[in-house]
Amino acid sequence: MVSITINDKILLRTYEVADAQELFDAVNNSRKHLNPWLDWVSKTTKPEHSLQFIQNSFQWQNNQQALALGIFENDKIIGGIGMHQWDQETKRAQIGYWISSGYEGKGIVSHSLVKFIEYLFDKIGLNKIEIHFLQANKRSAKVATRLGFKVEGIIRQSILRNGMPHDVIVAGLLRSEWAAQSHVK
């Protein structure tokens with residue numbers, strides 16, 4: 001079980017089986033807000049899908065392939081944050097995140113990412129973290145820039161959303177770059 005305290009209200013923690021309905025409700029209530037950016041949202045159509053995700057996340061974490069955490073405010077799921085595409089050899093992984101529509105713009109994602117990135121560099125031992133986001137996702141671009149990620153490239157027309165191809169921005173952050181950013185911490 002992973003648990004990372006952000007502040008007196010916000011906690012990142014490993015999902016539990018008992019969280020499945022609440023996770024589904026959080027996604028379902030923010031479906032319109034999340035769907036343009038995250039392909040898994042349209043595939044999450046019933047609570048059983050959230051339960052399957054949680055059960056899979058136990059295996060991914062155990063196999064050191066990925067880490068999925070809920071963002072909880074006062075024990076209520078308001079978002080998610082995770083690490084995937086974990087490459088043990090190069091000590092590199094991608095991170096992703098989402099926040100319910102009613103919690104957007106409050107700094108929760110940024111504060112959560114700071115602590116999560118610290119965890120990934122200090123406890124997991126990663127050397128590089130990447131964020132992949134759609135070019136049109138200006139909020140993710142701002143978050144990545146604010147945290148010191150550098151755009152490394154554009155993967156052209158590599159993701160379909162609503163049947164249309166979209167470009168993906170790849171932004172990366174090295175452990176050494178993070179350590180030099182005392183203003184972020």
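**Figure 1. Pairing of strands S5 and S6 in the predicted model.** Strands S5 (residues 92-99) and S6 run parallel and are joined by four bridges; the coordinates shown are those of a predicted model. One residue pair marks the register: Ile 95 has Ile 131 of S6 as its bridge partner. Between the two strands the chain passes through helix H4 (residues 108-124), and the resulting β-α-β crossover from S5 to S6 is right-handed. Strand S6 itself (residues 128-134) is mostly covered, with six of its seven residues buried.

**Figure 2. Antiparallel pairing of strands S6 and S8.** Seven bridges connect S6 to strand S8 (residues 164-174), and these two strands run antiparallel. Two bridge partners may be located in this view. Leu 134 is matched with Val 168 in S8, and His 132 is matched with Val 170 in S8. Strand S6 thus appears in two pairings of the model: a parallel one with S5 and an antiparallel one with S8.

**Figure 3. The hairpin of strands S7 and S8.** Strand S7 (residues 150-161) pairs with S8 in the antiparallel sense, over eight bridges. Within this pairing, the bridge partner of Val 151 is Ala 171 in S8. Two residues lie between the strands of the hairpin, where Asn 162 takes a positive phi near 55°. Strand S8 is therefore shown here with S7, its antiparallel partner over eight bridges, after the view with S6, to which seven bridges join it.

**Figure 4. Leu 174 and its surroundings.** Leu 174 is placed in strand S8. Its relative accessible area is 30%, and the residue counts as partly exposed. When neighbours within four places in sequence are left aside, Leu 174 is in contact with Phe 121, Asn 127 and Lys 128. The C-alpha atoms of Leu 174 and Leu 126 are 8.6 Å apart in space, while the two residues are 48 residues apart in sequence.

**Figure 5. The aromatic pair of Phe 121 and Trp 178.** Four aromatic pairs are found in a search of the whole structure. Tyr 15 and Phe 53 form an edge-to-face pair, with 5.9 Å centre to centre and 70° between the planes. The pair in this view, formed by Phe 121 and Trp 178, is tilted: the centres are 6.5 Å apart and the planes are at 50°. Phe 121 belongs to helix H4 and Trp 178 to helix H6 (residues 175-179), so the pair ties together parts of the chain that are 57 residues apart in sequence. Both rings belong to buried residues: the relative accessible area is 1% for Phe 121 and 3% for Trp 178.

**Figure 6. The aromatic cluster of Tyr 15, Phe 53 and Trp 60.** These three residues form one aromatic cluster. Among the four aromatic pairs of the structure is the edge-to-face pair of Tyr 15 and Phe 53, at 5.9 Å centre to centre and 70° between the planes. This pair links distant parts of the chain, 38 residues apart: Tyr 15 is in the loop between strand S2 (10-14) and helix H1 (20-29), and Phe 53 is in helix H3 (residues 47-62). Tyr 15 is buried, at a relative accessible area of 3%, whereas Phe 53 is partly exposed, at 31%.

**Figure 7. Asn 74 in the loop between strands S3 and S4.** Asn 74 is located in the loop between strand S3 (67-73) and strand S4 (76-87). With a relative accessible area of 53%, Asn 74 is exposed. Its C-alpha atom is separated by 6.6 Å from that of Ile 10, a residue 64 positions away along the chain.

**Figure 8. The protein chain as the setting of the close-up views.** The secondary structure comprises six helices and eight strands, which follow the pattern β-β-α-α-α-β-β-β-α-β-α-β-β-α along the sequence. The radius of gyration is 16 Å, close to the 16 Å given by the globule rule for 185 residues, so the chain is as compact as a globular protein of that length. The C-alpha atoms fill a box of roughly 40 × 40 × 35 Å along the principal axes. Of the 185 residues, 44% count as buried. Among contacts with a separation of 6 or more, 59% are between residues 24 or more positions apart. The accessible surface comes to about 10,000 Å², and carbon and sulfur atoms account for 49% of it.

Notes. Residues are numbered from 1 along each chain as its sequence is written. This is a predicted model: local features need pLDDT of at least 70, side-chain atom pairs count only at pLDDT 80 or more; totals for chains, interfaces and linings use all residues. Side-chain values use heavy atoms; hydrogens and water are left out. Buried means under 20% relative accessible area, exposed over 50%, partly exposed in between (1.4 Å probe, protein chains only). Two strands pair if DSSP finds at least two bridges between them. A crossover is right-handed if, with the strands pointing away from the viewer, the path from the first strand over the helix to the second runs clockwise. The radius of gyration is taken over C-alpha atoms; the globule rule is 2.2 Å times the number of residues to the power 0.38. Contact means heavy atoms within 4.5 Å. Accessible areas come from the Shrake-Rupley method with a 1.4 Å probe; for residues, only the protein chains shown count as cover. Rings of Phe, Tyr and Trp (its six-membered ring) pair if their centres lie within 6.5 Å; planes under 30 degrees apart count as stacked, over 60 as edge-to-face and the rest as tilted.
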